[in-house]
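Thank you all for coming. I would like to take a few minutes to walk through one model, beginning with its metal sites and then turning to how the chain packs.

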Amino acid sequence: MRIDLHTHSSVSDGTDTPAELVDKAHAVGLDVVALTDHDTFDGLDAAAAEGERLGVVVVPGMELSCSRQGSSVHVLAYGADPASPGLAAEMARVRGGRLGRLTGVLAKLAALGVPVSEAEVMAQVGTSPSVGRPHIADALIKAGHVRDRQEAFDRFLADGGPAHVPRYTIEVDRGIDLVHEAGGLAVIAHPWGRGREHVLPPQVLAALVHDHGLDGIEVDHQDHDADIRARLRVLADSLDLLATGSSDYHGAGKLDHDLGCNTTDPEVFNEMQRRLAHFTPASGRPLPPSSR
Ligand SMILES: [Zn+2]
Ligand SMILES: [Zn+2]
């Protein structure tokens, strides 16, 4: 059984519609795929319907933008109830913060001599309710200022870059609590990717497990080299964390993140389903049954 638990559709900053994404998951032989768009559940119904049609198990997910001491931390939520009021309210604030930040970023880009208009950015957003830096990057590409998203981030948009503007995010411990209140499982995405080990050192991860019941960490991810994966796996074992593996697929929006390039062990997925069954089923949204 092949399982990929982290993907993005055009509902956030991917390039495939939710149905197209599930089609492609089916085409590359995945049995289980989680749709985890940034700060929105809007693509889940379309993905689930296509999964039903094709016999692909679609896990309802979402990637929540959080932070710790000013650095961004992403929390993957699995099986969380979209109607849970606490989580829904925070997600709306995060999405609002993205929009509010746009004006500031565009002013900085103009001052840096690479102007793009809000209309040019919104043309890249399409129907996504979640405006992100990748959309600004796409507008910069369209305007001929950069070649690709990587260059846009490296030169302008990355955290601490010359056009970066901080935005509203939730502290990671609160984010984990909200996912649990919504009946979901909380797994930290790419915890040590891109030199971020100092943001979530082992003792901090241990505290998140002990004080907030963190469920897992993404171990196999393209932003982790072999050494980091090995050390995270040892850490996951010692903290009794679920160790997941996923592509973080964005369609054409991110190179080297092909569907299924990393996968999650079926045993880990089974444990996730067991744990979800123990969370407040009245408010939770259970994972679909395993197709094994
Ligand atoms: Zn992420
Ligand atoms: Zn992601």
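**The two zinc sites**

Along the chain, the donors of the zinc ion (ligand 2) follow the spacing H-x1-H-x54-E-x184-D, where donors are N, O and S atoms within 2.8 Å of the metal (3.2 Å for Na, K and Ca), and since water is not among the atoms, sites may look incomplete. Before going further, I should say that this is a predicted model, in which local features need pLDDT of at least 70 and side-chain atom pairs count only at pLDDT 80 or more, while totals for chains, interfaces and linings use all residues. Residues are numbered from 1 along each chain as its sequence is written, chains are lettered from A and ligands numbered from 1 in the order in which they are written, and side-chain values use heavy atoms, with hydrogens and water left out.

Which residues coordinate the zinc ion (ligand 2)? They are H6 (NE2), H8 (NE2), E63 (OE) and D248 (OD), at 2.0 to 2.3 Å. The angles among the four donor atoms run from 78 to 167°, and the site is irregular, meaning neither tetrahedral (all angles between 85 and 135 degrees) nor, for four donors, square planar (opposite donors over 155 degrees apart and all others between 65 and 115), with six donors counting as octahedral on those latter limits.

The zinc ion (ligand 1) has as its protein donors E63 (OE), H74 (ND1) and H190 (NE2), lying 2.1 Å from it. The two zinc ions are 3.4 Å apart, and E63 coordinates both. Because E63 lies in strand β3 (residues 57-68) and H74 in strand β4 (residues 71-78), this pair ties together parts 11 residues apart in sequence; helices (H or I, at least four residues) and strands (E, at least two) are DSSP runs, numbered from the N terminus.

Is E63 buried or exposed? At 1% relative accessibility E63 counts as buried, and H74, at 16%, is buried as well, the cut-offs being under 20% relative accessible area for buried, over 50% for exposed and partly exposed in between (1.4 Å probe, protein chains only).

**Packing around helix α6**

In helix α6 (residues 149-157), the buried residues are R149, E151, A152, F156 and L157. Seen down the axis, they fall within an arc of 155°, so they line one face of the helix, the arc being that of the directions from the helix axis to the C-beta atoms. These buried residues pack against α3 (85-111) and α5 (133-142), with contact meaning heavy atoms within 4.5 Å.
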